[in-house]
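Student: I am new to this structure, and I would like to take a close look at a single part of it. Could you take me slowly through the aromatic residues and their surroundings?

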Amino acid sequence: MPSGDVLFFFEDHLEALPLYEAFEAQVERLGEVNIRVQKTQVTFSNRRNFAFVSFLPARKAKDRPKTYITITFGLGRRVDSPRIDIATEPYPGRWTHHVLISSTEDIDGELMGWIREAYNFSAGKR
């Protein structure tokens, strides 16, 4: 059962809640993870923030599915994949990636490999 904060965050997007729950369950397998629900995103952190869930519209409206969440993660390298909607380098050596998830099948080994890498990258930062 999701916390009250998570339910409040998804209040206007309840159809996307199962996507979030599937993602959270996979992230929690990585190890020690802190989850903070904020007004515009859910933040996953260890030493530092490494992944986020939001409704950031990474694609143009006509290309977005009706139900989705956006997964954002940071790495020390740019990932080149058709699954990455946006990749930016806000700081030298720090790449932010946005992936739109519209089904639980999208939360697969490839995505979770990137999230694991982000988890380790965050844990190693000083």
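Student: To begin with one residue, is Tyr119 buried or exposed?

Tutor: Keeping in mind that this is a predicted model, Tyr119 counts as buried, because its relative accessibility is 12% and the cut-off for buried is under 20%. The ring of Tyr119 pairs with that of Phe50 in an edge-to-face arrangement, with 5.2 Å from centre to centre and 85° between the planes. Phe50 belongs to strand β3, residues 49–54, while Tyr119 belongs to helix α3, residues 109–124, so this pair ties together parts that are 69 residues apart in sequence. Phe50 counts as buried as well, at 1% relative accessibility.

The count of aromatic pairs comes to eight, and another of them joins Tyr20 and Phe44, whose rings are tilted, with 6.2 Å from centre to centre and 35° between the planes. Here helix α2, residues 17–28, holds Tyr20, and strand β2, residues 42–45, holds Phe44, so the pair ties together parts that are 24 residues apart in sequence. Tyr20 is buried, with a relative accessible area of 1%, and Phe44 is likewise counted as buried, at 0% relative accessibility. Both Tyr20 and Phe44 are members of one aromatic cluster, which they form with Phe9, Phe10, Phe23 and Phe55.

From the cluster we can turn to the nonpolar core. In soluble globular proteins, nonpolar side chains tend to be buried together. The largest nonpolar core in this model has 34 residues, and those that touch the most other members are Phe10, Phe23, Phe44, Phe50, Phe73 and Ile115. At least two residues of this core come from each of α1 (4–9), α2, β2, β3, β4 (69–75), β5 (84–91), β6 (94–101) and α3, and the element that gives the most is α3, with six residues.

Phe10 appears both in the aromatic cluster and among the core residues that touch the most other members. If its neighbours within four places in sequence are left aside, Phe10 is in contact with Ala16, Leu17, Tyr20, Val53, Phe55 and Ile69.

One of these contacts, Phe55, leads on to strand β6, where Leu100 is found. Leu100 and Phe55 are 45 residues apart in sequence, and in space their C-alpha atoms are 9.0 Å apart. Leu100 is itself buried, with a relative accessible area of 6%.

Key
Residues numbered from 1 in each chain as written. Predicted model: local features only at pLDDT ≥ 70, side-chain atom pairs only at ≥ 80, totals over all residues. Heavy atoms only, no water. Phe/Tyr/Trp six-rings, centres within 6.5 Å; stacked < 30°, edge-to-face > 60°. Helix = DSSP H or I, 4+ residues; strand = E, 2+ residues; numbered from the N terminus. Buried < 20%, exposed > 50% of the residue type's maximum accessible area, 1.4 Å probe, protein only. Core = buried A, V, L, I, M, F, W, Y, C linked by side-chain atoms within 4.5 Å. Contact = heavy atoms within 4.5 Å.
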